[in-house]
Structure formats: C-alpha cells, structure tokens
Amino acid sequence: MTVSKIWVFAEAADGKVSNTTLEMLAKARELADTVECVSTAGNDVAAVVGANGATAVHNVPGVDGKLAGPAVAGAIAAAVQAGSGPDAIFLATSYDGRDVAGRLSVKLDAPVITNVVDIAERDGSLAGVEPIFGGTTNVVTKFTASTPDIFLIRPKSFAAEETGGGAAAVSDLSVPDLGATGAAVVTNRFVEEQTGPSLDDADVVVSGGRGLGESDSFDMVEQLAKSLGAAPGASRAIVDAGWVPYSYQVGQTGKVVKPNVYIAAGISGATQHLVGMKGSKHIIAINKDPEAPIFSVADLGIVGDVHKVLPKLIEALQNR
Amino acid sequence: MNVVVCVKQIPDPADPGALDPESKTLVRSGKLILDESDSYGVEMALQLVDAAGGGEVTLVSMAPNDEQSGLRTALAMGAAKAVLVSDDALKGSDALTTAKVLAKAIGRAGDADLVLTATESSDGYTGTVPEMVAEILGLPSVTFAKSITVDGSAVKVQRQTEAGYDDVECPLPAVVSVTAGVVEPRYPSFKGIMAAKSKPLDQVTVADLGLEAGQVGWAGAGQEIIEVSEAEAREAGTIVEDDGEGFQKVVDFLAELKVI
C-alpha cells in the first residue's frame, strides 16, 4: 500500500450516504492499509460506509443546524495536530466538501489538490490527476510537504464497490472552540420538487443550451426527456440567463454526469460543459454551427436547427 | 454598509488556453478581462449598498503585469475604489497563497461589513478560496448564495444544496460566495466608464502587504505539477447535415443502443 491511513469525508442527506462517498472509499481502499470516515452523522452512515470498507467513523458532533465547514475542519485539524490524523484526506467536490477543504487547508497551512478525477502513485506518494482545457489535457500534481494530503475529488471518478464489511465503529472527534467562524445558522431547509430521474442516476440525459434561443424553448428539452425517461439538464449559459434553476446545470460548476446516452441540444460545448459530460458512454449533439466543439466529442452529430430537429424527434418517439 | 468584492482578471475564456511549457502554469500574457463569475458579486454588492442607503463597494484583485482592465470594468459598473496586488513574486501562487494575499488586501481596503466572492473562478476553479479567506480572517461564511439580504447586523442567505436550498443566517462581518446567474449584472454606462478612469486604484506589492516573497508564488506553493499529458481522445463520430430527416438518424441510433 502507498500510505497507511486515509480519511474520507462521508456526506449523507436524509440518512442516505452520497454516491461520491462510496466511490472515494473504493479508491482509498486501493491505496491505504486503513480507511476511515469523518462524518457529521456518524450513526447514520456507519453501516453503509462499513459495508464499503471503512473500519471507523470519526463523528463530528453538534453540526445539526450549522454549516459543516468550520466544525469538521476544526475537528480534523485538531486530530492531525494531536498526531492521530491520517496520511491523506479525500473530500468530494460538493458544497460542504469544498467548505471543509478550504478551512482545513488554512488550519494546517497545507494546500489542496482540487478537481481530481484519479489518484496516481508517484515515488511512493499520492498525486492527483486533474483534467484541464475541457478534459483534453491531464495534469498530475503532488504535494511537496509532509502534511496530510488533501484531495477534492470529482463525483463519478471511481466505481463504488461493496466489501460486505460490518458497521464501522463510531466515536466522537473533539471540536475546538470555533469562535466567530462557526456563527452561521441554518434556519430552514427547502427541497425543490423533482419529477422523473435525477441527473445523477439517469440512464439518458437530455440537455439544452443557448441554441434554444429563448427560455420557452426549454419545453422541448423537457418533452424529449420525458419521452425517453431521461433527466433534463442545461448548460451554464442558460442557467446564468435564469431559464432553469442551478440544479439543472451540467458541467464544471454543476453536476458531472456519465449516463449511457447524453443528448446535447443547442449546446456549443464550452470547456465548462464538456468537463461535466464527456465521460458519457454515447453522445448525440444537435447544433447549428458545424464548428461547435460539442461535435468533437459526439458519436452522432446533427448539424441543424434544434427548433426543426427536436419537434420531429419528439413526434417520432411519441409515435413509436 | 461597506462591501469588499474579490474579483479575478482572467484570460478571455473564448480564447483557447495554453500552459507555459516551463512553469506549467496558465499563459496570462494576453489581455485579461473581468471574470464573468465575478460580475454577479459586484452587482450583488452594488444592490446591497444601495438597499442599505449608504456605504461603498471596494474591489480587491491579484493579477500579473499590473493588469487593470477587468477592475476598470467593475469600477465602471459602480464600485468606488480598488486594491490591486501585482508582483512578479506571485507567479505560481496556489489557492492557499492567493487567499493569504487577498485576506491582506481586504484588510488594506478598510473595515468591511461583508466580503463577497464568486463560488469559483472560470480559469482555476478550485472553489476553495472563499472559505480560505474566511478562515484566515477568522470570519463566518456562507458559500453558494443564490440570494442575499442584510438585516441589521446579520446577513440572510439562501444557500444552494444538493436537494434545493437552505436559509442561512450569519452575523456580520462575514464572507459570502455568490452563485453565478442569481442577479443580472448591469452594463457599465458611458458615464460610468468615463468616471471609472479616475476612480482610486491602490496598486500594491507583496511587501506592501507585509508578506515576504518566500511565502508566495512558487516558493509558497506546497504542491508541484509533475506531469502534463494529452488525455485519451474520444473516437471521431458521424456528423451529418440536417436535411429535414436528421431526427431519423437520432431515432435509429437510440434504437441501435436499445434505449427505445
């Protein structure tokens, strides 16, 4: 093994452990003798992370109704400074994962390697592989100092794999006084209604972009998605323009998707977007501009107006 | 109310990026522009100061080669003044060093009630700098804000989550990162552009901020790039012109994949 101990920041929502947590656990097991988790919901995650190879859960207490960043970073930093920390820490590129990583980086005066899609071994230590320029180039970065290696890992970088292990043993980490940094309070939680499959799990994703011309045309994307049992998605351009909520966004800033089939309608394929979808198994692109970068990753490209192609496509599918 | 906005000046994202073969950092020799992600924070700051009925918006930026054009754009939108840190010693700085420099520059900008940032830059996109700045300054923070209101000495934020959003309340001063697209950034008026030319821009070096050259840039980065390689390219696909029957090609392909 390359290192002796890796901690994975385990995230859960409504008691369900995130997929990215399980993916990171699978990779960590390949690299370390001991794999353990840090979580704000230790008892909720213990069984599932145990079944995926974690032997212990370090619970960070008292985060209910607070943001995770300051407390989790404070608890991990205290453990590291007391000599009981790991060699490396894996966190997801998620809302809370980035918060924890940023605060922890300052507390340990240690850098973070971000946007990691693979962990490589170089000269007996861990190195992060990060795609740049829309995934056309890979950069491998390693740490130069011997503080714990902090990696922010992109979703869907690894395949999760159960080990069938028993529930991980839960114990509390101690949280130091957070002072003003812990003062933010969550007063309410809102769940946005979602119908149909989610971007994360869908077998087929249909996304729309600026080529749709106006926000009403996004209906065509919704209809096509519905007729295929697919999840609707969007490029950053139309999220920024306010046509659809941020939760639809596929790309560097939004969701990373790897469905069986990805259909890009009126999306030019900016780097920002390609990073989030080029791992899809099959890609179909419909765009007016034959020079659009989306065609460089498409298995099937239709050079044409989405306003002409989509209605016929929807009709043909509904008539089947 | 005084709001400081951290903004980045970046190479135009429409231009193809390149790495310097020696330093393996992004080539930034061309003209830089205001990162579009930051225009939302600037707009949000202007609206909050307006709603508070007083105060001003100050910009803070770190950039090579004395670059000012992106800052002038944000000044033309209505920001009152700017602090620019430009120093050859900063070349190769990582996110943590960037946060240390920005935190010092925020201190130099004066007493801020609120510090706004984007959620991530469009060129480096580590998405960690806002939390790092907050931690260095010892402040609470709320990331991924889709709306912000100030109520007396507290800020109320709707924060993006996987499932929807959370209402978060946080006492001031605080750091808040603003999600792109949540406000409509104003276009600078002609009057604004003319006024921006004479607005105060405090250009400083690393030494002016009380930092040593050895703490920043390559020397301060605890990480190094050891390999750069081409990623595996996808096999070229079939590209056809729509002749009115293009939809049929899609139907056939979906049938072949047994999706329908």
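What follows is a chat about how helices, sheets and two chains fit together in a predicted model.

Me: Let's start with the contact between chain B and chain A. How many residues does it take from each chain?
Reply: There are 77 residues from chain B and 80 residues from chain A in the contact.

Me: And what area is buried there?
Reply: About 7,000 Å² is buried between chain B and chain A, and carbon and sulfur atoms give 57% of that.

Me: Which residues in chain B lose the most area to chain A?
Reply: Those are B:Tyr125, B:Glu135 and B:Arg234, which together make up 11% of what that side buries.

Me: OK, sheets now. What is the strand order in the open sheet of 10 strands?
Reply: The order is β13(A)-β9(B)-β8(B)-β7(B)-β10(B)-β6(B)-β1(B)-β4(B)-β5(B)-β11(B), and the pairing is mixed.

Me: Which strands stand at the edges?
Reply: β13 (185–191) of chain A and β11 (201–204) of chain B do. Each has a single partner strand, so one side of each has no neighbour in the sheet.

Me: What's the average turn between neighbouring strands of this sheet?
Reply: They are turned by 25° against each other on average, if you ignore direction.

Me: Does anything pack on it? I mean, which strands does helix α1 of chain B touch?
Reply: Helix α1 (residues 36–52) of chain B packs on the sheet and touches β1 (3–6), β4 (57–62), β6, β7 (141–151) and β10 of chain B. The helix direction makes about 155° with that of β6(B).

Me: Let me zoom in on β10 of chain B. How many bridges join β6 to β10 there?
Reply: 5 bridges join β6 (residues 114–118) of chain B to β10 (residues 174–178) of chain B, and the two strands run parallel. In that pairing B:Leu116 stands opposite B:Val176 in β10(B).

Me: What about β7(B) and β10(B), parallel or antiparallel?
Reply: Parallel, with 3 bridges joining β7(B) to β10(B). Look for B:Ala145, which stands opposite B:Val178 in β10(B).

Me: And β7(B) with β8(B), parallel or antiparallel?
Reply: Antiparallel, over 6 bridges, with β8 covering residues 154–160 of chain B. B:Ser147 stands opposite B:Gln158 in β8(B).

Me: How many residues sit between the strands in that hairpin of β7(B) and β8(B)?
Reply: There are 2 residues between the strands, and B:Gly152 in this hairpin takes a positive phi near 65°.

Me: Any odd backbone spots? Which residues does a cis peptide bond join in chain B?
Reply: B:Leu172 and B:Pro173, where omega is about 0°. B:Pro173 lies in the loop between β9 (164–171) and β10 of chain B. Most peptide bonds are trans.

Me: And what's the phi of A:Asp14?
Reply: Phi of A:Asp14 is near 50°, which is positive in a residue other than glycine. A:Asp14 is in the loop between β2 (12–13) and β3 (16–17) of chain A.

Me: Back to sheets. What's the order in the open sheet of 6 strands?
Reply: β15(A)-β14(A)-β16(A)-β17(A)-β18(A)-β13(B), with parallel pairing. The edges are β15 (231–234) of chain A and β13 (238–241) of chain B, each with a single partner strand.

Me: Which strands does α7 of chain B touch?
Reply: α7 (residues 246–256) of chain B packs on the sheet and touches β16, β17 and β18 of chain A together with β13 of chain B.

Me: Last topic, helix pairs. At what angle do α5 and α8 of chain A cross?
Reply: The axes of α5 (residues 218–228) and α8 (residues 306–318) of chain A cross at roughly 25° and come within 10 Å. That is why α5(A) and α8(A) count as roughly parallel to each other. By class, their contact has 9 nonpolar, 3 polar and no charged residues.

Me: And α3 with α4 in chain A, at what angle do the axes cross?
Reply: Roughly 40°, with the axes of α3 (residues 68–81) and α4 (residues 95–108) of chain A coming within 8 Å. That makes α3(A) oblique to α4(A). The crossing is right-handed, and the contact of α3(A) with α4(A) has 10 nonpolar, 3 polar and 4 charged residues.

Key
Residues numbered from 1 in each chain as written. Chains lettered and ligands numbered in written order. Predicted model: local features only at pLDDT ≥ 70, side-chain atom pairs only at ≥ 80, totals over all residues. Heavy atoms only, no water. Axes fitted to C-alpha atoms, helices over the stretch in contact; angles between N-to-C directions. Helix = DSSP H or I, 4+ residues; strand = E, 2+ residues; numbered from the N terminus. Parallel < 35°, antiparallel > 145°, perpendicular 65-115°, else oblique. Nonpolar A, V, L, I, M, F, W, Y, C, P; charged D, E, K, R; others polar. Left-handed = near helix turned anticlockwise from the far one by under 90°. Pairing = 2+ DSSP bridges. Contact = heavy atoms within 4.5 Å. Buried area = accessible area lost by both parts, 1.4 Å probe.
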